[in-house]
Amino acid sequence: MKKLFRFFTGYKKQMILAPSFKFLETIVDIIIPLLVANMIDIGVKNYDIRYISIWGIVVVVLNIVGIVSAVICAKLTSRVCSGVSYDIRKDMYAHINTLSHAELDKFGTATLNNRLTHDVNRIESALGMFLRTVMRTPFLIIGSTIMAMIIDIKLSMLFLVVAPLILIAVFVILKKTEPLYDRTQKDLDRVSEITRENLQGARVIRAFNKQEYEERRFERASLKLKKSAVKVVSVSTLLNPITSTIINFAIIAVMWFGGLQVNIGGLTQGQIIAFVNYLTQISTALVSFANLIIAFIKAFNCAGRINEVFDTKTSVVETNHDFLDIQENPAVPKIEFQNVSFKYSDSASYAFKNLSFTAFPGQTIGIIGGTGSGKSSIIYLVPRFYDAVEGQVYVDGINVKDYPLTQLRQKIGIVPQKAVLFKGTLKDNLRWRKADATIEEMKKAVKISQSQEFVKDLPEKYDYKVQAGGKNFSGGQRQRLTIARALVGNPEILILDDSASALDFATDANLRKSIKENINSTVILVSQRANTVKNSDIIIVLDNGRVVGQGKHDELLKTCDVYKEIYMSQTK
């Protein structure tokens with residue numbers, strides 16, 4: 001939690017004023033029972049209406065002061081809590097965006113989402129409870145104890161018995177619940193993960209009639225979360241009944257021994273009522289203190305999860321933040337791999353090993369191989385989504401590690417395997433690479449990507465509303481629009497990661513022809529179709545992470561059995 005204190009510094013004034021107003025409310029709460037006791041012992045006993053009226057007005061005024069103080073405290077507390085949670089989320093989201101794909105793979109989307117929302121909410125809740133009780137609880141306990149001792153020193157000794165009993169109950173319950181909160185958080189992450197997976201894959205689940213299977217999987221995860229939650233709630237909710245029982249027995253003792261004192265004239269009826277009020281206030285304060293500790297246990301657990309994200313450093317370190325002055329030189333390779341090997345952090349085997357190739361400006365590199373052969377892993381190294389384990393990757397003759405990430409990725413237009421569009425207008429989506437792109441530039445990109453035939457029929461053309469994920473377009477249309485998005489702004493390097501898998505062969509051929517004729521980018525084509533890559537200047541053939549062939553189409557048919565097998569299996 002201490003690591004998150006930096007987010008509190010901007011709210012020092014409110015964090016001082018909020019407890020101060022709560023302190024004022026506490027003083028009012030301590031004074032009122034004594035005034036009420038006097039009203040009973042003097043005013044009611046002597047039938048003095050004037051005395052009762054005067055002090056009744058004083059009690060009302062004090063109550064108003066207490067209510068106003070409580071409202072001001074609540075408002076200031078709200079500002080602090082909402083501000084701190086906003087700052088944590090903002091910085092945490094910004095930090096997540098600095099992490100490489102390796103760190104994002106390690107955490108997973110579901111747990112990051114929970115840490116950004118649920119865990120920050122827990123910290124916000126604990127902070128609010130702290131500001132409301134940090135002054136009230138100790139002063140209410142101390143003040144009520146002092147006032148009780150003023151009334152009767154012997155009877156107040158009862159507090160020395162009650163307070164330790166309540167504290168023991170609090171300690172035992174907290175000791176039991178602390179590990180349960182951590183388990184509940186992990187179970188919640190699992191439920192979130194399954195929920196997200198099922199909602200995203202709803203079409204696939206229904207296509208394979210897997211609704212019942214997924215329902216059972218979700219039910220098992222939910223049941224595990226339910227058991228964890230029930231267990232932690234079952235233990236934590238024992239606190240209130242246990243403390244209430246202790247207090248009720250204490251009140252009975254006060255009424256018993258206090259009644260004996262009233263009979264012999266040692267105490268008045270008003271003093272007994274005041275004594276009971278102070279006892280109730282102390283018990284309430286102790287329960288509030290216990291709830292604060294429970295809230296802090298939850299918050300500490302959540303703070304640890306949040307700090308785990310903040311403490312995670314990207315494996316892709318940006319050593320240079322100054323843009324490089326690069327002069328275009330046709331003799332310098334646009335992309336060059338020198339003995340590059342790569343494996344994922346959680347994998348013992350390499351995705352590919354000892355890959356070397358050179359792509360000059362305007363050339364097309366084709367990468368082909370079976371599923372899981374490492375095709376996509378190669379292209380992830382060019383924009384530095386990951387760093388090579390061995391060897392070097394160069395763009396324009398400069399090691400990609402020497403580039404500012406912004407400058408490097410501005411050179412690249414990438415179309416991922418999964419075509420994703422974002423909620424907004426079509427125009428908004430097409431301007432992702434170039435925010436000030438003109439309509440003419442967008443029309444050109446749409447034409448090259450073979451999207452013109454359906455874009456011209458959209459009701460509002462480029463102002464057409466795109467649903468989240470592009471669900472109001474077909475798979476082939478989404479792929480073509482993501483290609484258009486990558487083409488806007490004329491990238492120096494165009495990476496197409498199996499981005500024509502949903503297109504028919506004629507559209508795929510027209511797309512490749514249009515790209516060849518209309519742009520001068522260096523193109524990397526990743527595909528499982530031999531026809532897609534066969535006209536490339538260089539074709540790299542992969543098989544289980546090994547480079548088994550490299551060259552042009554005709555020579556690979558003669559020298560590479562894997563390529564020949566792929567080609568022959570896809571053609572007559």
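Which strands does helix α21 lie across, and at about what angle does helix α21 run to β11? In this predicted model, helix α21, made of residues 561-570, lies across β3, β11 (538-543) and β12, and its direction is at about 95 degrees to that of β11. To see where these strands belong, it helps to turn to the sheet itself.

The sheet is an open one of 6 strands, arranged in the order β6-β9-β10-β3-β11-β12, and its pairing is mixed. At its edges are β6 (412-415) and β12 (546-551), each of which pairs on one side only. From one strand to the next, the twist averages 15 degrees. Another helix, α17 (residues 475-487), lies across β6 and β9, and α17 runs at about 175 degrees to β6.

Within this order, β10 stands between β9 and β3, and its pairings can be followed on either side. With strand β3 (residues 364-369), β10 pairs in the parallel sense over 5 bridges, and one residue pair to look for here is I367, whose bridge partner in β10 is V526. Strand β9 (residues 493-497) is likewise joined to β10 by 5 bridges, and these two strands run parallel; in this case, L494 has V523 as its bridge partner in β10.

How many residues of strand β10 are buried? For strand β10, which covers residues 522-527, the count is 6 of the 6 residues, so the strand is largely enclosed by the rest of the structure. The burial applies to both faces of β10, since T522, I524 and V526 on one side are buried, and so are V523, L525 and S527 on the other.

The neighbouring strand β3 offers a single residue to examine, because T364 is found there and is buried, with a relative accessible area of 9%, which is under the 20% limit used for buried residues. Leaving aside residues up to four places away in sequence, T364 touches K516, V523, L525, S536, D537 and I538. Among these contacts, V523 and L525 are on one side of β10.

Away from the sheet, a pair of helices can be followed. Helix α2 (residues 49-96) and helix α11 (residues 269-311) pack with their axes 9 Å apart and at an angle of about 40 degrees, and the two are therefore oblique to each other. The crossing in which α2 passes α11 is left-handed. On the α2 side, the contact is made by I88, D91, M92, H95 and I96, while α11 contributes I306, V309 and F310. Sorted by class, the residues of this contact are 6 nonpolar, 1 polar and 1 charged.

Following the chain onward from α2, the reader comes to T98, which has its place in the loop between α2 and α3 (101-107). Is T98 buried, exposed or partly exposed? Its relative accessible area is 45%, and T98 therefore counts as partly exposed. Although T98 and K313 are 215 residues apart along the chain, their C-alpha atoms are separated by 8.4 Å.

Conventions. Residues are numbered from 1 along each chain as its sequence is written. This is a predicted model: local features need pLDDT of at least 70, side-chain atom pairs count only at pLDDT 80 or more; totals for chains, interfaces and linings use all residues. Side-chain values use heavy atoms; hydrogens and water are left out. Axes are lines fitted to C-alpha atoms, for helices over the stretch in contact, and angles run from 0 to 180 degrees between N-to-C directions. Helices (H or I, at least four residues) and strands (E, at least two) are DSSP runs, numbered from the N terminus. Angles under 35 degrees count as roughly parallel, over 145 as roughly antiparallel, 65 to 115 as roughly perpendicular and the rest as oblique. A crossing is left-handed if the near helix is turned anticlockwise from the far one by less than a right angle, and right-handed if clockwise. Contact means heavy atoms within 4.5 Å. Ala, Val, Leu, Ile, Met, Phe, Trp, Tyr, Cys and Pro count as nonpolar, Asp, Glu, Lys and Arg as charged, and the others, Gly among them, as polar. Buried means under 20% relative accessible area, exposed over 50%, partly exposed in between (1.4 Å probe, protein chains only). Two strands pair if DSSP finds at least two bridges between them.
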